[in-house]
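Please open the structure in your viewer and keep the selection tool at hand. This tour goes from one selection to the next and says what can be found at each stop.

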Amino acid sequence: MPHLCVMNTVSQKQLTSVCVYCGSSFGSDPAHEAAATRLGQIIAEAGIRLVYGGGSVGLMGTVANAALESGGEVTGIIPHFLEKREVMLESLEDLVITKDMHERKHLMFQRSDAFIALPGGIGTLEEAVEMMTWAQLGQHKKPVALANINGFWSPLLELLDHMRAQGYIRPDTEVPYLVAKKVDDILPMLRHAVAGNVIDEASALAKVTEL
């Protein structure tokens, strides 16, 4: 049976910064790059600070450059050992170099009001699932949104449903997340959640069978 998850929220708060997790490559679907470009633009146009991994390649560089070109504020956070591999975006005014991945992820969490996962690889998956896990354990109430562009995250959503069916995710240990099929739907969903409003499940959250 399709499952809908409602993200716990922080009451009466404004969305001022958002962390975007995404691939350091472009993948095989051109829609992913287009989505990264559009997301960077709308984040900047909304006056929201983009927090991301600090690289200049792949979808990571695309979303950052799109935000910068649209006049947005961008914070890049990258560990020292990835400066060359992810080609650090040195033009950023707010660029933080950390000693390791743990510090990077902690700072990205601290500086963000919400999280968005665009398509990406194992690192993107790990970062998004970690934020979902922390929320499940009651460590934060910041919304996590999966940008399910062309069904990219549908296999993960199916796996989560399988975990529920097998009894590993129970009603008292639900995993909170939002799902958006279109980039333009993401910020309204996050704003709604951050402000402490009740999400309209019929319109804002996707059923697995619809993805």
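Begin with strand S5, where both faces are covered: select Ala114 and Ile116 on one side, then Phe115 and Ala117 on the other, and you will have picked residues that are all buried. Please keep in mind throughout that this is a predicted model.

**The neighbours of S5**

Next, add strand S6, residues 144-147, which runs parallel to S5 and is joined to that strand by three bridges. To see one of the contacts between these two strands, select Phe115 and look for its bridge partner in S6, which is Val144. Then add S1, residues 17-21, which pairs with S5 in the parallel sense over four bridges. Here a useful residue to select is Val18, whose bridge partner in S5 is Ala114. As background, the strands of a sheet pair through backbone hydrogen bonds, and the pairing can be either parallel or antiparallel.

**Strand S1**

Stay with S1 and colour its side chains by direction: Ser17, Cys19 and Tyr21 point one way, while Val18 and Val20 point the other way. Why is S1 described as largely enclosed by the rest of the structure? Five of the five residues of S1 are buried, that is, under 20% relative accessible area, and therefore the strand counts as largely enclosed.

Now select strand S2, residues 49-52, which pairs with S1 in the parallel sense over three bridges. Within this pair, Val18 stands opposite Leu50, and Cys19 stands opposite Val51.

**The whole sheet and its helices**

With these strands in place, show the rest of the sheet, which is open and is formed by seven strands in the order S4-S3-S2-S1-S5-S6-S7, with parallel pairing. At its edges lie S4, residues 94-98, and S7, residues 178-180, each of which pairs on one side only. If you look along the sheet, neighbouring strands are turned by 20° against each other on average, with direction ignored.

Select helix H1, residues 30-45, which packs on the sheet and touches S1, S2 and S5, its direction making about 170° with that of S1. Then select helix H3, residues 101-110, which lies across S1, S2, S3, S4 and S5 and runs at about 160° to S3.

**The largest pocket**

If your viewer can display pockets, turn to the largest one, which has a volume of about 440 Å³. Of the 29 residues that line this pocket, select Cys22, Ser24, Glu86, Gly123 and Thr124, which are the closest to its centre. Which elements supply at least two residues each to the lining? They are strand S1 and the helices H2 (58-69), H3 and H4 (122-136), and the largest share, five residues, comes from H4. If you colour the lining by residue type, you will find 14 nonpolar, ten polar and five charged residues.

**A last stop at His192**

Finally, select His192, which is found in helix H6, residues 186-194. Is His192 buried, partly exposed or exposed? Its relative accessibility is 32%, so His192 counts as partly exposed. Add Pro143 to the selection as well: these two residues are 49 residues apart along the chain, and their C-alpha atoms are separated by 9.7 Å.

Notes
Residues are numbered from 1 along each chain as its sequence is written. This is a predicted model: local features need pLDDT of at least 70, side-chain atom pairs count only at pLDDT 80 or more; totals for chains, interfaces and linings use all residues. Side-chain values use heavy atoms; hydrogens and water are left out. On a 1 Å grid over the protein atoms alone, a cavity is a set of points where a 1.4 Å probe fits but cannot get out, and a pocket is an open set with protein on both sides within 12 Å along at least five of seven lines; lining residues have an atom within 4 Å of a point. Grid points are joined across faces, edges and corners, and a volume is the space filled by probe spheres set on the points. Ala, Val, Leu, Ile, Met, Phe, Trp, Tyr, Cys and Pro count as nonpolar, Asp, Glu, Lys and Arg as charged, and the others, Gly among them, as polar. Two strands pair if DSSP finds at least two bridges between them. Axes are lines fitted to C-alpha atoms, for helices over the stretch in contact, and angles run from 0 to 180 degrees between N-to-C directions. Contact means heavy atoms within 4.5 Å. Buried means under 20% relative accessible area, exposed over 50%, partly exposed in between (1.4 Å probe, protein chains only).
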